[in-house]
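Visitor: I'm new to this one. Can you walk me through it?

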2 protein chains.
Amino acid sequence: MIKCLLVEDQTLVRLGLANLLNLDSAINIEAQAEDGLQALTLLAEHSFDIALLDMRMPNLDGLGVLQKMREKGDKTPVLIITTFEDCDVLVKALNLGARGYVLKNIELEELISAIKQVVAGERVLQSAVTDFLLKKELSPQLCLTDKEQTVLQCLSLGMPNKMIAKKLDNSEGTIRNHVSQILAKLDVKDRTQAVIKAINQNLI
Amino acid sequence: MIKCLLVEDQTLVRLGLANLLNLDSAINIEAQAEDGLQALTLLAEHSFDIALLDMRMPNLDGLGVLQKMREKGDKTPVLIITTFEDCDVLVKALNLGARGYVLKNIELEELISAIKQVVAGERVLQSAVTDFLLKKELSPQLCLTDKEQTVLQCLSLGMPNKMIAKKLDNSEGTIRNHVSQILAKLDVKDRTQAVIKAINQNLI
DNA sequence: CCCGAGCTATGACAGATGTCACTGTTTTTA
DNA sequence: TAAAAACAGTGACATCTGTCATAGCTCGGG
């Protein structure tokens, strides 16, 4: 019997998923959390064979939970279950030791088999995900640097160059250069398009 | 026994929700659709006491389904179940005759009671939703005109003024005026912020 | 019939934005 | 260690953006 922790903020989805998974005789959802903090508490108090983690949550998101788990030396295998085809988040999650990453539109049987594979020590990545990794591998120069990430985040909050410069304690010219670089890497023509792309691809 | 049609694109969520709702002795999910087109087909072939509609879907979204239903004179009561606190979409859905609008983070018991209320002919709006309606009512001058809507859509595609002007067959100056007007109504300082707001509040 | 609202347009203006070229410093890495 | 990135900065430049004042047109409601 596989002991699972299910972490998902939307009550309906969480309860529904728990029900579905419990129908499988090999799987048992032993605990549920509706945000990252609850998840950490449960992980500290009990031991699970696997943790099913949603990415977007209030208080502490999936990445945050992974981070804290690693800091504490918690080795519970983690399977990320998320809505969006992501990019950076995927890479970050894998770097933080996530053992699998699947999208919510996965079929039930696939999810169950993914859970069993992760518990068996395998890595599970959907093809949509590996495709992305390949693309990324083939064009590493398109990756944003840390600073560019930061600036992009500011852009996504609608900040003008001047304000970004003040916030990051740089000259406006420097910010302009960073923005220019971001536009080139994202292959767009202006900040608005950059923000749209960032939001769509969840680069932020 | 309440005959339900459940429309939701994410397999996991759909199956999970169907399971949960079927646990209630008064509710029976008789059919499921994973996009708007399937939903329309099922609605045409069978009769249901209520349709539970997700908003964001491939092919044809919730609003599209509502629209088509109204065109066909289909009077099946509709309860919208969506992830995001919305704005325009909410108003549009209600205008298209949706009988209820609830967020996905609702508790299961509340959802079940909402379903029963809608079937009983009542209207169901969560307080978050009614709050918004009130706010909207108090500031009607903030509504975008049709043209402004169109321009905002173009903005959300990342188009510069010149391109919008060409596409809508206007002078660039006219577009600038419209944009200016949009910024004032949305209470933001530039097009980027406008797009961010539009995406977040789903004004597009 | 007239008023207001929506749409169109123009010109002028200030400021924001993005590009380029060039110069450094620091940190990473091969 | 030496080369390569990342980071910070400047100045100049063309263009885009947003604001304002002003004005003409059309259409529907009072």
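Guide: One term before we start. A residue is near a strand if one of its heavy atoms lies within 4 Å of it. Keep in mind that this is a predicted model.

Visitor: OK. How many residues surround DNA strand C, and which are the closest?

Guide: There are 19 around DNA strand C. The closest are A:Ser180, A:Arg191, B:Thr145, B:Lys147 and B:Ser171. Of the strand C atoms that come within 4 Å of the protein, 65% are sugar and phosphate.

Visitor: What does the side chain of A:Arg191 sit by on DNA strand C?

Guide: A phosphate oxygen. An N or O atom in the A:Arg191 side chain is 2.5 Å from that oxygen of DNA strand C. Chain B takes part as well: a side-chain N or O atom of B:Thr174 is 3.3 Å from a phosphate oxygen of DNA strand C.

Visitor: And which atom of DNA strand C is 3.3 Å from the side chain of A:Arg176?

Guide: A base nitrogen. The partner is an N or O atom in the side chain of A:Arg176. As for elements, α8 (161-168) and α9 of chain A, together with α9 of chain B, give two or more residues each to the surface near DNA strand C.

Visitor: What classes of residue make up the surface near DNA strand C?

Guide: It has 3 nonpolar, 10 polar and 6 charged residues.

Visitor: Now the other strand. Which residues come nearest to DNA strand D?

Guide: Of 19 residues around DNA strand D, the nearest are A:Thr145, A:Lys147, A:Ser171, B:Ser180 and B:Arg191. The surface near DNA strand D divides into 3 nonpolar, 10 polar and 6 charged residues.

Visitor: How much of what touches the protein there is sugar or phosphate?

Guide: For DNA strand D, 66% of the atoms within 4 Å of the protein belong to sugar or phosphate. The rest belong to bases.

Visitor: What distances do A:Lys147 and A:Thr145 have to phosphate oxygens of DNA strand D?

Guide: For A:Lys147, a polar side-chain atom lies 2.2 Å from a phosphate oxygen of DNA strand D. For A:Thr145 the distance is 2.5 Å. A:Thr174 also has a side-chain N or O atom 3.3 Å from a phosphate oxygen of that strand.

Visitor: Which helices supply that surface near DNA strand D?

Guide: α9 (172-186) of chain A, plus α8 (161-168) and α9 (172-186) of chain B. Each supplies at least two residues.

Visitor: Let's leave the DNA. What is the secondary structure of chain A?

Guide: Chain A has 10 helices and 6 strands. Of its 204 residues, 52% count as buried. Its accessible surface is about 9700 Å², and carbon and sulfur atoms hold 50% of that.

Visitor: How many residues of chain A and chain B are in contact?

Guide: 28 residues of chain B are in contact with 29 of chain A. The area buried between the two chains is about 2400 Å², with 68% from carbon and sulfur atoms. On the chain B side, B:Gln10, B:Leu12 and B:Thr192 lose the most area, together 25% of what that side buries.

Visitor: Where is B:Glu8 in chain B, and is it buried or exposed?

Guide: B:Glu8 is in the loop between β1 (2-7) and α1 (11-22) of chain B. B:Glu8 counts as buried because its relative accessible area is 3%, which is under the 20% cut-off.

Visitor: What does B:Glu8 touch?

Guide: Leaving out residues up to four places away in sequence, it touches B:Val13, B:Arg14, B:Ala33, B:Glu34, B:Asp54 and B:Lys104. A polar atom of the B:Glu8 side chain also lies 3.0 Å from the backbone nitrogen of B:Gln10.

Visitor: One last topic: phi angles. Where is A:Asp187, and what is its phi?

Guide: A:Asp187 is in the loop between α9 and α10 (191-201) of chain A. Its phi is positive, about 60°, although it is not a glycine. Most residues other than glycine have a negative phi. A:Asp187 is exposed, at 65% relative accessible area.

Visitor: And what about B:Asp169?

Guide: B:Asp169 has a positive phi of about 60° and is not a glycine. Its place is the loop between α8 and α9 of chain B. B:Asp169 is exposed, at 69% relative accessibility.

Methods: Residues are numbered from 1 along each chain as its sequence is written. Chains are lettered from A and ligands numbered from 1 in the order in which they are written. This is a predicted model: local features need pLDDT of at least 70, side-chain atom pairs count only at pLDDT 80 or more; totals for chains, interfaces and linings use all residues. Side-chain values use heavy atoms; hydrogens and water are left out. A polar contact is a pair of N or O atoms within 3.5 Å; within protein, one must be able to donate a hydrogen and the other to accept it, and residues adjacent in sequence count only if both atoms are side-chain atoms. Helices (H or I, at least four residues) and strands (E, at least two) are DSSP runs, numbered from the N terminus. Ala, Val, Leu, Ile, Met, Phe, Trp, Tyr, Cys and Pro count as nonpolar, Asp, Glu, Lys and Arg as charged, and the others, Gly among them, as polar. Buried means under 20% relative accessible area, exposed over 50%, partly exposed in between (1.4 Å probe, protein chains only). Accessible areas come from the Shrake-Rupley method with a 1.4 Å probe; for residues, only the protein chains shown count as cover. Contact means heavy atoms within 4.5 Å. Buried area is the accessible area (1.4 Å probe) that two parts lose on being put together, summed over both.
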